[in-house]
Amino acid sequence: MEKTVSAEIGLVIPCFNEENRLDMAAFGHFLDTFPQFFLCFVDDGSTDRTADLLKSFCTSRERCRVLHLEQNRGKAEAVRHGMLWLNRHGDIPFLGYFDADLSAPPDFALELRETLLQRPGTWMVFGSRQLADKQHIIRRKRRHLAGRFVSALINFAVKARFSDTQCGAKLFPAEAVHPLFQEPFLSSWIFDVELIQRICNRFGHSEGMARITEIPVSRWRDVGDSKVSPGYIFKLFGELRRIRRTAS
Ligand SMILES: Nc1nc2c(ncn2[C@@H]2O[C@H](COP(=O)(O)OP(=O)(O)O)[C@@H](O)[C@H]2O)c(=O)[nH]1
Ligand SMILES: [Mg+2]
């Protein structure tokens with residue numbers, strides 16, 4: 001297949017009913033400032049004006065594309081779809097995903113790329129709000145505590161000691177994309193854990209862990225409420241159990 005997209009870094013931005021949070025001016029400014037990026041928005045069957053906003057943004061600009069999923073399939077499937085699309089259509093050495101609410105600045109991907117370049121063989125690098133200087137992190141107490149609890153459960157499930165697996169700012173070298181994203185995920189939300197599990201299954205636990213790195217996120221601010229409902233916590237236990245069973 002002809003590679004039609006050329007960029008140094010490709011980012012997938014999953015979007016579900018984001019009309020109130022999408023700041024297209026900020027995305028425009030970002031693309032103008034950083035010519036090395038390509039953005040792939042995935043509209044996940046939104047029922048509000050998200051699709052229109054993304055379409056008009058991408059028709060008037062280069063270095064961005066919007067993909068549409070007919071029905072809402074969840075963040076995991078939207079990210080997976082976008083990562084595979086970028087990898088298939090692009091000649092892009094580094095690919096990743098960031099949240100649509102710009103909680104983490106997308107140019108933080110430059111720091112993530114630096115880490116991948118400095119540590120060849122790394123398959124996944126992500127931002128951590130825990131490791132960051134507190135003055136750069138604006139988070140509500142309740143969400144911070146919920147995040148800590150979920151992180152502890154996740155570390156227990158995959159026998160790891162990461163400080164913040166759920167931070168929505170992650171980057172991968174192109175070689176890792178097909179092996180990690182070709183299979184659908186079990187969970188629509190904590191698929192990041194499945195990525196860790198997939199890396200460990202492929203390389204063995206200790207080498208797998210050595211191929212995953214977290215670095216302090218440069219800045220974080222909660223924007224609006226999370227789309228994760230508090231009731232998800234009950235589903236989380238079942239999902240973690242199912243993910244654990246995939247360990248080989
Ligand atoms: N594709 C898709 N993305 C979603 C869905 N729910 C949330 N997201 C996206 O996931 C990202 C993080 O969501 P957010 O509500 O900010 O959750 P937070 O991580 O708790 O702050 C955003 O880009 C959302 O648009 C969904 O059902 N489908
Ligand atoms: Mg958010």
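Me: A residue is near a molecule if one of its heavy atoms lies within 4 Å of it. With that in mind, which residues come nearest to ligand 1?

Reply: This is a predicted model. There are 17 residues around ligand 1, and Glu18, Asp44, Arg143, Ser226 and Lys227 come nearest.

Me: What makes the pair of aspartate 44 and ligand 1 a polar contact?

Reply: The cut-off for a pair of N or O atoms is 3.5 Å. A nitrogen atom of ligand 1 is 2.5 Å from an N or O atom in the aspartate 44 side chain, so the pair counts as a polar contact. Arginine 143 places a polar side-chain atom 2.6 Å from an oxygen atom of ligand 1. Lysine 227 uses a backbone N or O atom instead, 2.7 Å from an oxygen atom of the ligand. Of the 560 Å² of accessible area that ligand 1 has on its own, the protein covers 92%.

Me: Which elements give two or more residues to the shell around ligand 1?

Reply: They are β2 (9-15) and α3 (75-89). By class, this shell has eight charged, six nonpolar and three polar residues.

Me: Why is the pair of tyrosine 97 and phenylalanine 191 called tilted?

Reply: Planes under 30 degrees apart count as stacked and those over 60 as edge-to-face. Here the planes are at 40 degrees, with ring centres 5.5 Å apart, so the pair is tilted. Tyrosine 97 lies in strand β6 and phenylalanine 191 in helix α7, so the pair ties together parts that are 94 residues apart in sequence.

Methods. Residues numbered from 1 in each chain as written. Chains lettered and ligands numbered in written order. Predicted model: local features only at pLDDT ≥ 70, side-chain atom pairs only at ≥ 80, totals over all residues. Heavy atoms only, no water. Polar contact = N/O pair within 3.5 Å; in protein donor to acceptor, adjacent residues only side chain to side chain. Areas by Shrake-Rupley, 256 points an atom, 1.4 Å probe, with all protein chains shown as cover. Helix = DSSP H or I, 4+ residues; strand = E, 2+ residues; numbered from the N terminus. Nonpolar A, V, L, I, M, F, W, Y, C, P; charged D, E, K, R; others polar. Phe/Tyr/Trp six-rings, centres within 6.5 Å; stacked < 30°, edge-to-face > 60°.
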